[in-house]
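Please look over the sequence and the coordinates below before reading the report.

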Amino acid sequence: MSAATADSARLHVEYINPFVMGVMSTWKTMLRSEPKRGALQLAPEHEHGNDTTAIVGLSGPATGTVALRFPPETASAVAGRMLDESSVSKEAVIDAISELVNIVGGAAKAQFKSNIPIVLGLPTVIHGAGYRVEHRTGVRWLAVPFNSDLGSFVLEVAFQPPAGS
Amino acid sequence: MSCRVLIADDSTTIRKILAKELHALGVAEVVEAADGVEAIQAIGAGQFDLVLLDWNMPKATGIDALKSIRAKGHKVPVIMVTSEAEKSRVIEAVQAGANDYVVKPFTGQTLAAKVGRFITVAAAAS
């Protein structure tokens, strides 16, 4: 690994860790689940199949997008556990995973110690295949896969941290 | 317990979770608002013993709703329940008139501890 690549990898780890910690604390607290994380990777450019993805934007002193990408069965299991219900509607699943990405984004942004708070947008949910949210800054999506008793899912982050952090 | 509590959060999931926790604590009546404007209208129209208020909501944010109700003289206790976890946000909310602050993700125990003291006071006064 070249020095530049190593530096880049270190930066990626540094900036993705608050989001990973946000996932871990949110799953533990809201879902009574302790997911195991996989290795950090560049998010694939290929299609997402029938996954359901909840995304939320960050703006202000730092900009970016956080996404949680779920296979349908994981999304249903997560919503069911969150609501303590054995069967949940499609609307309930959308709402539950929207709230989860909101909480993960909030938990992560608090760790960047920016003097001016990073602003959290309102979450959006995307269904289906063949999409990729692109940033005009060209920031690459980083992905961390997780596995849990509720099924697998992926955290994806495209983020430019606050200046000086 | 004859307490009446308003939950203002754009997430139906969070409203359901909070309502369940409140009922478990003995709260008799829970009213729900799905955005900041609905929250302001509900507080203007009815008497509440406690308000649980999200920050990031459509139409009006929770902090704008809080400033609005305090400007109108409403003294109802307000607990912010939000994913806004920065210290500066907590200070901003307290300066705007919030009585307490719960950061998402939260446990039932944390919520019960924060909510409990307000509903106990309300029950004793009724």
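This report covers the contact between two chains, the salt bridges, and one pair of helices.

The model is predicted, and its interface between chain A and chain B draws 23 residues from chain A and 22 residues from chain B. About 1800 Å² is buried between chain A and chain B, with carbon and sulfur atoms giving 57% of that area. Side chains of opposite charge can pair when their charged atoms come close. Four salt bridges are found across the interface of chain A and chain B, while the structure holds 16 over all chains. Two salt bridges are set out here.

| Side chains | N to O distance |
|---|---|
| K16(B) and E85(A) | 3.8 Å |
| E156(A) and R69(A) | 3.0 Å |

The pair of E156(A) and R69(A) ties together parts that are 87 residues apart in sequence, because E156(A) lies in strand β8 (residues 153–160) of chain A and R69(A) in strand β4 (residues 63–70) of chain A.

In chain B, the axes of helix α3 (residues 62–71) and helix α4 (residues 87–96) come within 9 Å and cross at roughly 20 degrees. Angles under 35 degrees count as roughly parallel, and α3(B) and α4(B) are therefore roughly parallel to each other. The crossing in which α3(B) passes α4(B) is left-handed. On the side of α3(B), the residues I63(B), L66(B), K67(B) and R70(B) meet E92(B), A93(B) and A96(B) of α4(B); by class, this contact of α3(B) with α4(B) has four nonpolar, no polar and three charged residues.

How values were computed
Residues numbered from 1 in each chain as written. Chains lettered and ligands numbered in written order. Predicted model: local features only at pLDDT ≥ 70, side-chain atom pairs only at ≥ 80, totals over all residues. Heavy atoms only, no water. Axes fitted to C-alpha atoms, helices over the stretch in contact; angles between N-to-C directions. Helix = DSSP H or I, 4+ residues; strand = E, 2+ residues; numbered from the N terminus. Parallel < 35°, antiparallel > 145°, perpendicular 65-115°, else oblique. Left-handed = near helix turned anticlockwise from the far one by under 90°. Contact = heavy atoms within 4.5 Å. Nonpolar A, V, L, I, M, F, W, Y, C, P; charged D, E, K, R; others polar. Buried area = accessible area lost by both parts, 1.4 Å probe.
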